[in-house]
Amino acid sequence: MVSYSARARERAMKVQEVILRVLSKQITFWQAAHIARLSPRQLRRWFQRYRRLGMEGLYDRRTSRASAKRVPLAVVEQVLCLYREKYFDFSVRHFHEKLREEHGITYSYTWVKLLLQGAGLVVKARKRGPHRRKRERRPMTGMLLHADASRHRWLGGEQHDLIVILDDASSEIYYAQLVEEESTATMMAALREVVEQRGLFCALYSDRGTHFWLTPKAGELVDRQRLTQIGRALRDLGITMIPAYSPQARGRSERNFGTWQRRLPQELRLRGITTVEEANRFLRESYIAELNRKFSISAAQPESAFVPATGKDLQRIFSLQHERVVNQDNTVRIDNRTLQIERTKWRGTLAKCRVLVCEHLDGSWSIFYGPHMVGRYAADGSPCHPEEQILEKGNPAPPAGFPFSTATPAAKSGDTRTGQIMC
C-alpha cells in the first residue's frame, strides 16, 4: 500500500468534505470548485474517482512518484564536489556562471543556490532592508563618472587598493588597476588614462578623500575654494567635481566593488596570479572586458557626452604643480632637489620670477614661466637633453622664434630677434 504524507492526507480530506457538502445539497457544484480551488472540470474528475474508489481516489497520485525533471544524483554530487574542492570561495552567482561556461551544467541559478544552501555550503542571505528607490542614471555616457578605490586582500596576502572608474549611464568600467595605496598620483594616472582614451567628460563623482577635497572639519561641507591637485587638474579641463557625503550616496560604486570582491580574488587564485604586475596585466588584457560584457548595460540615449581632449597639455595638467620663486643663481629648490634653469634668449635672467614647477607622473620634472617651458629634468633633478626640453608633446603654443635658449627653427633660419621682455 502506498503511504502518503500528512499534507497529502489533509488535502484529500478537504476535497472529501467539499464533495460531501455537494451531495447533501448544501452548496452548488460551482461553489464547491471555488472552495477547493479547482476548476469545475477537475472537480468532476475527482467526484467520479470518489464514487469508484472512495477516499483512496482523492489522493494525488503524483506524490508517490519521482518527478520526471529530477536531477540525476551523479550531477548533484559533481556540483557539490566542484564547490567544495575548487570554487569554495565563489559567490553562488559566480559559481553558477562557471558551471555553465566551464563544465556544461546548465541548471538554473535557483536550483544551484538551493542545493548549496541545503548542503550547508552557503549561508542564506539576510532579509533585505526597507525599499529604497535608486537614483536615476544619467542618460548618456560621459555625463558622470564614478571614481573610487577599495582596499581588500585581492591577492590573498597583503591588502592593496583597487582603483575603478566607471560610467554612471552604463556601468561600463573604463579603468581598473591594483596599486599599493590610493593617492593623488595614482588617481591622477587613472583619470589621465580615461581622458586620453575616451575624452573629456562632464562630471566626476567621488568620496571626500583628501586627494579629492579639502574638508575644514570632519563631517562638514567640503571647501570648494581650496582645490587639491586633482581638483585643480579637473578645473583646468572644465570637469565638474561632485562630492559624496555618505557610502549610500555612492551606492552604484559600492555595489560595483561588491561584485569585484566576490569575483576578482577567486579569478586570480584560479590562475595562480600572485603579483600586482600580473594582476594588472590580467585586468587590462581580459578581465575588464569580461565584466563589461556581463554587467554593463546600454545607456538610455545612444549619444555620447565625451569631448576629444585636443589642444590640452595633459602631461602638464595631470602633474603635481608647485609655485616657486627662482633664486639669484637661476635655480629652483624643491623636494631636496636643485633644478638649474639654463640661460634663455628672450630674457637675461629669471631670478626672483615666480615659476610653476611640475612633478610629472613618471617622476620627471619641468619648470614653466607662463606658457614657456624653461627646463625639463629627470627624476633625480639632472637636466634632460635640449631637444627633449623643446619637443614636448602638447606644448601650449608653437615656437615663436624665441621660446628657449637652445636652437629652434627660427634660430636656424637666421632670425636674430631676441624678444627681450623687461619686468
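In the predicted model, the buried residues of helix α2, which spans residues 29–36, are Phe 29, Ala 32, Ala 33 and Ala 36. When α2 is viewed down its axis, these buried residues fall within an arc of 100°, and they therefore line one face of the helix. The buried residues of α2 pack against two other helices, namely α1 (6–23) and α3 (40–53), whereas Trp 30 and His 34, on the other side of α2, are exposed. Just after α2, the backbone at Arg 37 takes a positive phi of about 60°.

Turning to charged side chains, the structure holds 21 salt bridges. One of these joins Arg 252 to Asp 168, with the closest N and O atoms 2.8 Å apart. Because Arg 252 lies in helix α9 (residues 251–270) while Asp 168 is found in the loop between β2 (160–167) and β3 (173–179), the pair ties together parts that are 84 residues apart in sequence. Both partners can be assigned to the buried class, for which the cut-off is a relative accessible area under 20%: Arg 252 has a relative accessible area of 10% and is buried, and Asp 168, at 0% relative accessibility, also counts as buried.

A salt bridge contained in a helix is formed by the side chains of Arg 192 and Glu 196, which meet at 2.9 Å, N to O. These residues are 4 residues apart in helix α7 (residues 184–197), so that about one helical turn separates Arg 192 from Glu 196. Glu 196 has a relative accessibility of 47% and accordingly counts as partly exposed.

A further salt bridge links Glu 254 with Arg 250, and here the closest N and O atoms are 2.8 Å apart. With regard to solvent accessibility, Arg 250 is buried, having a relative accessible area of 13%, whereas Glu 254 counts as partly exposed at 32% relative accessibility. The pair thus joins a buried arginine to a partly exposed glutamate, while in the bridge between Arg 252 and Asp 168 the arginine is buried and the aspartate is buried as well.

Beyond these individual pairs, a network of salt bridges links five residues, comprising the acidic residues Glu 97, Glu 101 and Glu 290 together with the basic residues Arg 263 and Lys 294.

Technical notes
Residues are numbered from 1 along each chain as its sequence is written. This is a predicted model: local features need pLDDT of at least 70, side-chain atom pairs count only at pLDDT 80 or more; totals for chains, interfaces and linings use all residues. Side-chain values use heavy atoms; hydrogens and water are left out. A salt bridge is a side-chain nitrogen of Lys or Arg within 4 Å of a carboxyl oxygen of Asp or Glu. Buried means under 20% relative accessible area, exposed over 50%, partly exposed in between (1.4 Å probe, protein chains only). The arc is that of the directions from the helix axis to the C-beta atoms. Contact means heavy atoms within 4.5 Å.
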